[in-house]
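Student: Could you take me through one part of this structure closely? I would like to see how the details fit together.

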Amino acid sequence: MRKSAAIIAMALSVTAAMAQTLNVAVGNVTYAFPAAQAGDMTYTGATTLTILGRDFAIAEVDRIYVDASEVKDNTVKVTMAEGQAKVTVAGNIAQYVTPTVTGAYVSIDQSSAVGDDTCGEITYNLSGKASDGQFTLGGSYKATVELNGLTLGCATGAPINITNTKRIEMSVKKGTTNSLSDCADGSQKGCIACKGHLELKGNGSLTIDANTGHGIYAKEYIEMKNCTIEVLNAVKDGVNCNQYFLMESGSLTIANVGDDAVQVSFKDDTDREAEDTGSITIAGGTITATVEATAAKCLKADGCVTVTGGTLTLTTTGGGKWDADDVKTKASTCISADENITIDGGVLLLTSTGSGGKGMSCDGEFVMNGGDVTISTSGGVFVYQNGVEYPNYTGSTDRIASDYKSSAKGVKADGNVTINGGTINVTTTGNGSEGIESKAVLTINDGTVVVNSRDDAINSSSHMHINGGDITVVATGNDGLDANGNLYISGGTIRAFGAGSPECGLDANEEQGYTVVISGGEVLAVGGGNSVPSASSGSTQPYVTTTLSAKAGNTVSIISSGGTTLATFTVPSNYGTSGTSYARRPGGGGPGGGGPGGSGGGMLITCPGLVSEQSYTVTSGTSTATVTARTTK
């Protein structure tokens, strides 16, 4: 009876204190009602008090008091402490949220009635420190979770467990440092686990230590903007989601993970929503990721990868492996897409040191329209043969099926490769390593392309088109430009250096009836023997050939009989300096081989202004040669 009388007295007093707040404490949960909103409070049968639609059983109320605190509508404050947590619920949403607090474990059920027609979106503000606690949020309407100086570990699962399937904005508050860690051997999918859409925002920082699954997991998409996130450790992926991953700005650092840094899968392979693209899009910000696991990827998309801005520093150190399920070898890759890769901008620094490792690899097309890309690979060839894995195979791979071997490459595309702009610089040093490879058609329209490789510098399984750009390629053990179809040159400036015979600077697959077709551009090609236009090629711009040596740093020029310099090239400083000349092989270039490196004879030059059957002087350093231009061989 005393408790009932006190309730009545407090209800009466708050009506006279309109600038104050009526606080109803139920265990570790306090419901804060601004006096101006409290209105009529219904007291029923000496057992129930109803305020703003929230029914309180008198028996569950521990305390009611009035203070001058300010209450922000639509907010729930969760303050963690060792062994206990405290929750404060704004009065206007008291009827829509049901918190349960056990020690530092807080579970909140957000009513299905929450929506645009009721209170609208609710914000949950998390702060404090607890070595063993958890925040779980259910519901079926979008919400915001603020990390406001939170340090939280969990001994039973994910410290933040979002079972709400709608959009969750996770705001890392400006100027705050936050840290999350989970338990080992749990069933959680991530240290942050979200069954809906997860949007990471704010200007604070968050570190994650994931000891069972992924660092951050969302069943649907993840977007990131402004905040600084560091995944210090993860048993599986650093970030894993379905639908898509979009990074607009901020900083993401991932290291010490057991698999990929960022992986995106299709949510449903048979009935996907419009946004369920399986894609990764980087529009800005900074990503620094290092993966060490075998065949792991820094960025792995079941769909496409698109980079329009930002700075990506991605490193893989793991080697290759045999995948018995897919019946093929797999290797570590900095950026991997099951569909297309498009680079429109940004700065990309990609390094792969493991066997068969790659800078970028896609099952579809690779398109580069802009940006600044630097790729370095140093791994050898990974081979699976007769049930044995060879991580650094040194024998001939000519008769090994492609699914049973993986060579290090800068860029590999199963579809077309098209470079329209930007700068790409590729260095590959491992045995059998190639610079840029297309399993279809390769086209360069513009941009700056520099490739230094052990095997072919640029290779296409079909035709190759050079229409523009500034291209410098050096292959120490194979061809500079290797087209297994026709090699069309209509523009640009090309410096192509291959190894000694039978390798060359320009290699069209003449064994299969293909040829070089020249209609423009400036070209210096050096190697054991360069492919030249056939009589039926339709080539229109003449060329000259000579056996002058091309030493590192040499200036190579072609001069008309009247003394006009038509074109000048500089031999790259990393090209071999042996001075050895190699005679041109009959029939020109073709795939395969592995002749010695060093400077080679078989020099070919073409440029605008050449006239067929006229004489010209070629200079290389202090050496000169008189040559005659021709249009076809």
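Tutor: What follows is a close look at one residue, N554, with two other places added for context. Keep in mind that this is a predicted model.

Start with the position of N554. This residue sits in a loop. Strand β56 (544–546) lies on one side of that loop, and strand β57 (555–560) on the other. Is N554 buried or exposed? Its relative accessibility is 16%, so N554 counts as buried. The cut-off for buried is under 20%.

Now look at the neighbours. Leaving out residues up to four places away in sequence, N554 touches S549, F569, T570, V571, S620 and G621. One of these, S620, deserves a second look. The side chains of N554 and S620 make a polar contact at 3.2 Å.

Next, turn to I168. This residue belongs to strand β15 (residues 167–172). I168 has 0% relative accessibility, so it counts as buried. Its contacts, again without residues up to four places away in sequence, include A143, V145, I162 and C194. H197, L198 and E199 are also among them. From I168 to G529 the C-alpha distance is 62 Å, and 361 residues separate the two in sequence.

Last, find the open sheet of 3 strands, ordered β41-β40-β42 with antiparallel pairing. Its edge strands are β41 (388–393) and β42 (405–406), and each pairs on one side only. Strand β40 (residues 381–385) pairs with β41 over 4 bridges, in the antiparallel sense. Check Q385 there: V388 in β41 stands opposite.

Technical notes:
Residues numbered from 1 in each chain as written. Predicted model: local features only at pLDDT ≥ 70, side-chain atom pairs only at ≥ 80, totals over all residues. Heavy atoms only, no water. Helix = DSSP H or I, 4+ residues; strand = E, 2+ residues; numbered from the N terminus. Buried < 20%, exposed > 50% of the residue type's maximum accessible area, 1.4 Å probe, protein only. Contact = heavy atoms within 4.5 Å. Pairing = 2+ DSSP bridges. Polar contact = N/O pair within 3.5 Å; in protein donor to acceptor, adjacent residues only side chain to side chain.
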